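Please open the model in a viewer and keep the sequence at hand. The tour below proceeds by selection, stop by stop.

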Amino acid sequence: MTMNNAGGRRKAPTIHDVAREAGVSRGTVSRVLNGGHYVSPAAQEAVNSAIRKTGYVVNRHARSLITGRSDSVGFLLTEPQERFFEDPNFNVLLRGCTQALAAHDIPLLLMLAGTEDERRRIKRFITAGHLDGVLLVTSHSADPVAEELHKAGVPVVQCGKPMRSGSKVSYVAADDRDGARDMVRHLLSRGRRRIGIVTGPPDSPGGVDRLAGYKEVLAEAGIGVDERLVISGDYSRGSGEAATESLLARAPDMDAVFVASDLMALGALTALRRAGRRVPEDVSVGGFDDSVAATEATPALTTIRQPYDRISAEMVRVLLAQLGGEDPAAVILPTELVRREST
């Protein structure tokens with residue numbers, strides 16, 4: 001039982017209180033808290049029951065001095081701060097990773113590094129041992145942060161495939177190329193033949209693989225790729241609007257556009273509306289992500305669903321496996337075509 005101090009407030013329960021409640025030694029409680037090695041199932045259950053009964057909370061700082069681990073993980077987004085608030089995908093990934101780590105009682109630290117100075121400071125913080133591992137999210141996989149952390153011995157899992165050939169960095173990604181193929185086949189099935197594309201950045205796997213899938217399906221259909229119908233954006237709404245304006249100027253007969261993110265597709269719809277083009281009567285529009293932007297669009301977007309919940313869960317699983325001593329791993333998850341009114 002914990003005692004009241006002079007001020008009448010209840011003192012926080014200690015490891016001694018847990019040991020007394022469980023009827024075991026303080027050393028047994030310590031071993032349970034640090035992984036349960038060399039502890040019988042009965043003793044482990046008694047300690048866990050005592051922790052729940054006493055309300056004991058682990059002193060993570062004290063434990064880190066013993067184990068050499070911080071018991072915390074970083075969610076690193078190498079994008080400008082405004083992108084975090086604009087793009088709903090980042091928030092979905094953050095929420096999923098937070099929930100997956102909460103099941104293991106591991107807190108998640110959000111870090112934004114949109115400039116080189118910010119990246120340098122954060123890398124210094126991470127490599128100083130303040131975090132056990134990093135979940136990295138970036139639109140530009142040519143960014144060297146993941147490789148630099150990996151070389152420094154920091155467990156890291158990237159969302160999206162690394163661009164560098166032979167990279168040893170763990171990653172979890174959706175099948176961008178296959179998703180693009182599904183979308184272009186769908187547009188062709190709607191009778192469209194002059195299909196434009198607004199790609200992602202050319203230094204990102206989404207930019208490369210979604211463009212490759214687009215070209216592959218056009219080739220299968222015997223339709224040559226018209227480079228006037230190919231333009232890149234940066235996944236922002238404004239870039240989708242500007243890119244679609246350029247496509248309409250280059251190819252006024254464009255009857256469909258595959259936009260490589262839902263957020264860019266919102267911009268594309270704005271540009272088409274301003275040009276007097278009806279969607280989908282005059283121009284069909286397909287997106288990628290199945291984010292909240294897809295359902296908020298007018299008309300609602302046909303899009304490719306990325307399984308963000310599974311991506312988050314797999315990123316955490318792969319990172320925890322690395323922390324447990326396993327080798328880096330790669331996971332690619334399937335996408336799904338979601339048909340709505342824009343096509």
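**First stop: a buried cysteine**

Select Cys97, a buried residue with a relative accessible area of 0%. The model in view is a predicted one.

Next, add Cys159 to the selection. The sulfur of Cys159 is the closest cysteine sulfur to that of Cys97, at 7.9 Å, which is too far for a bond. A disulfide would require the two sulfur atoms to lie within 2.5 Å. Cys159 is accordingly in no disulfide, and its nearest cysteine sulfur is that of Cys97. Cys159 also counts as buried, at 15% relative accessibility, because the limit for that class is under 20%. How many disulfides does a search of the whole structure find? The search returns zero.

**Second stop: the packing of α6 and α14**

Cys97 also takes part in a helix contact, as one of the α6 residues that meet α14. Select residues 88-102 for helix α6 and residues 308-323 for helix α14. Their axes are 8 Å apart, and the two helices pack at an angle of about 50°. The pair is therefore classed as oblique. The crossing of α6 past α14 is right-handed.

To display the contact itself, show the side chains on both helices. On α6, select Asn89, Val92, Leu93, Gly96, Cys97, Ala100 and Leu101. On α14, their partners are Tyr308, Ile311, Ser312, Ala313, Val316 and Leu320. What is the character of the residues in this contact: nonpolar, polar or charged? Ten are nonpolar and three are polar, while no charged residue is present.

**Third stop: an exposed alanine**

Move to helix α7, residues 116-130, and select Ala128 within it. Is Ala128 buried or exposed? Ala128 counts as exposed, because its relative accessibility is 54% and the class begins over 50%. Now add Val154 and display the C-alpha distance between the two residues. Ala128 and Val154 are 9.9 Å apart in space by that criterion, and 26 residues apart in sequence.

**Last stop: the whole chain**

Clear the selection and view the protein in full. The secondary structure comprises 14 helices and twelve strands. Along the principal axes, the C-alpha atoms fill a box of roughly 80 × 40 × 35 Å. Colouring by accessibility would mark 53% of the 343 residues as buried. A contact map may also be consulted here. Of the contacts with a separation of 6 or more, 68% join residues 24 or more positions apart.

Terms used:
Residues numbered from 1 in each chain as written. Predicted model: local features only at pLDDT ≥ 70, side-chain atom pairs only at ≥ 80, totals over all residues. Heavy atoms only, no water. Buried < 20%, exposed > 50% of the residue type's maximum accessible area, 1.4 Å probe, protein only. Axes fitted to C-alpha atoms, helices over the stretch in contact; angles between N-to-C directions. Helix = DSSP H or I, 4+ residues; strand = E, 2+ residues; numbered from the N terminus. Parallel < 35°, antiparallel > 145°, perpendicular 65-115°, else oblique. Left-handed = near helix turned anticlockwise from the far one by under 90°. Contact = heavy atoms within 4.5 Å. Nonpolar A, V, L, I, M, F, W, Y, C, P; charged D, E, K, R; others polar.
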